[in-house]
Amino acid sequence: MNPITLKLQAEPLVRLALQEDITSEDVSTASVMPGPARGEVHLIAKQDGVICGLDVFELPFVLLDPTAEVRATVSDGDEVTAGQELAVVEADVRALLSGERVALNYLQRMSGIATYTRNMAALFAGTKTRLVDTRKTTPNMRVFEKEAVRVGGAGNHRYNLSDGVLLKDNHIDAAGGVAAAIAAARAHAPFVRKIEVEVETLDMVREAVEAGADIIMLDNMDVPTMREAIALIDGRAEVEVSGNVTAANVARLVDLGVDYVSSGALTHSAPILDLSLKHLRVIG
């Protein structure tokens, strides 16, 4: 995401996170640092992984102290190793102490997703298949989590419900069938929107092809059934595979030759990357 756009989306959310953490005052910080003093603290990696979210990491400190600065020695997308110093943060010591946890929460979460994604996306290198995420994101964290997926080397599926047509099982039930759902979407949605439909059986695949779906998502099918479905589609629609795709089982999908593999695990199951702020010192 463009840094300006990311900041526009991120700043009010980071402000809310700070307000959640400081309702009246930071009692601990006010106790040990009642007045202003300039200080610095060092960002250290405690695990190997992919760093992501440095601009977001800086925001809590800047919101608490507009003169704060992060001097990073790495960039988003870089691989880091345990024990490596990644940045020095300089600001009012009160801002360093009060903003530390919020800043680390964002950076650890985004870096963990980027790391998990990098490992999965590497399996599809050299193939036509694009690994993409889903809307299975943490509420109010989507902008950060989808950016981390992108930095990790995968693609973003639709951002939200306004971003594209995806007819899932309950939409199909509500419309009265695959063909009826596609026809209704074709009549309502702007002509620039592709229509994607989720299918669970070969009969649904046939119906989706005949109704003119642009993208057909094969949901929770075993590999032999997916191969049959791909043969039935025969290039008449783009093909996406989805359903419980994780780092532990994604390798079985690499040779299918589909257009997309979507994985909610990229955002809902990635562990954090352990990072720490250490060695704070007062410098003026």
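1. Let's start with the helix pair that caught my eye in this predicted model. Helix α1 (residues 3-21) and helix α5 (residues 142-152) have axes that come within 9 Å and cross at roughly 135 degrees. That crossing makes α1 oblique to α5, since angles over 145 degrees would be needed for roughly antiparallel. On the α1 side, the residues in the contact are Leu6, Gln9, Ala10, Leu13 and Val14, and they meet Val143, Phe144 and Glu147 of α5. Sorted by class, the contact of α1 with α5 has 6 nonpolar residues, 1 polar and 1 charged.

2. Next, the aromatics. How many aromatic pairs does a search of the whole structure find? The search comes back with 2. In one of the pairs, phenylalanine 57 and phenylalanine 61 have ring centres 5.5 Å apart and planes at 75 degrees, so the pair is edge-to-face. The cut-off for that label is planes over 60 degrees apart. Both phenylalanine 57 and phenylalanine 61 belong to helix α3 (residues 54-64), where they sit 4 residues apart, about one turn of the helix. Are they buried or exposed? Phenylalanine 57 counts as buried at 0% relative accessibility, and phenylalanine 61 is buried with a relative accessible area of 0%.

3. The other pair brings us back to α5. Tyrosine 106 and phenylalanine 144 have ring centres 4.7 Å apart and planes at 50 degrees, so this pair is tilted. Tyrosine 106 lies in helix α4 (residues 93-121) and phenylalanine 144 in helix α5, so the pair ties together parts that are 38 residues apart in sequence. Tyrosine 106 is buried, with a relative accessible area of 7%, while phenylalanine 144 counts as buried at 0% relative accessibility. Remember that Phe144 is also one of the α5 residues met by α1, so if you are looking at that helix contact, have this ring pair on screen as well.

4. Now the antiparallel sheet. Its 4 strands are ordered β3-β5-β1-β12, the sheet is open, and the pairing is antiparallel. Which strands are at the edges? They are β3 (69-72) and β12 (275-282), each of which pairs on one side only. From one strand to the next, the twist averages 20 degrees. Inside the sheet, strand β1 (residues 38-45) and strand β5 (residues 85-92) run antiparallel and are joined by 7 bridges. As a landmark for the register, arginine 38 has aspartate 92 in β5 as its bridge partner.

5. Which helices pack on that sheet? One is α3, which touches β1, β3, β5 and β12, and whose direction makes about 150 degrees with that of β3. Another is α4, which touches β1, β5 and β12, with its direction at about 160 degrees to that of β12. Each of these helices also takes part in an aromatic pair: α3 holds phenylalanine 57 and phenylalanine 61, and α4 holds tyrosine 106.

6. Two more α4 residues deserve a look. Glutamine 108 is found in helix α4 and is buried, with a relative accessible area of 6%. Leaving aside neighbours within four places in sequence, glutamine 108 is in contact with Arg101, Ile272, Leu273, Asp274 and Leu275. Threonine 115, found in helix α4 too, counts as buried at 16% relative accessibility, the limit being under 20%. Not counting residues up to four places away in sequence, threonine 115 touches Gly49, Val50 and Leu273. Leu273 therefore turns up in the contacts of both glutamine 108 and threonine 115 under the 4.5 Å heavy-atom criterion. For a sense of scale, threonine 115 and aspartate 21 are 27 Å apart in space, C-alpha to C-alpha, and 94 residues apart in sequence.

7. Last, the parallel strands. How many of the residues in strand β8 (residues 195-199) are buried? The count is 5 of 5, so the strand is mostly covered by the under-20% cut-off. Both faces of β8 are covered: Ile195, Val197 and Val199 are buried on one side, and Glu196 and Glu198 are buried on the other. Those two glutamates are worth a check on your side. Strand β7 (residues 165-167) pairs with β8 in the parallel sense over 3 bridges, and valine 165 stands opposite isoleucine 195 in β8. Strand β9 (residues 215-219) also pairs with β8 in the parallel sense, over 4 bridges. There, valine 197 has isoleucine 216 in β9 as its bridge partner.

Methods. Residues are numbered from 1 along each chain as its sequence is written. This is a predicted model: local features need pLDDT of at least 70, side-chain atom pairs count only at pLDDT 80 or more; totals for chains, interfaces and linings use all residues. Side-chain values use heavy atoms; hydrogens and water are left out. Axes are lines fitted to C-alpha atoms, for helices over the stretch in contact, and angles run from 0 to 180 degrees between N-to-C directions. Angles under 35 degrees count as roughly parallel, over 145 as roughly antiparallel, 65 to 115 as roughly perpendicular and the rest as oblique. Ala, Val, Leu, Ile, Met, Phe, Trp, Tyr, Cys and Pro count as nonpolar, Asp, Glu, Lys and Arg as charged, and the others, Gly among them, as polar. Rings of Phe, Tyr and Trp (its six-membered ring) pair if their centres lie within 6.5 Å; planes under 30 degrees apart count as stacked, over 60 as edge-to-face and the rest as tilted. Buried means under 20% relative accessible area, exposed over 50%, partly exposed in between (1.4 Å probe, protein chains only). Two strands pair if DSSP finds at least two bridges between them.
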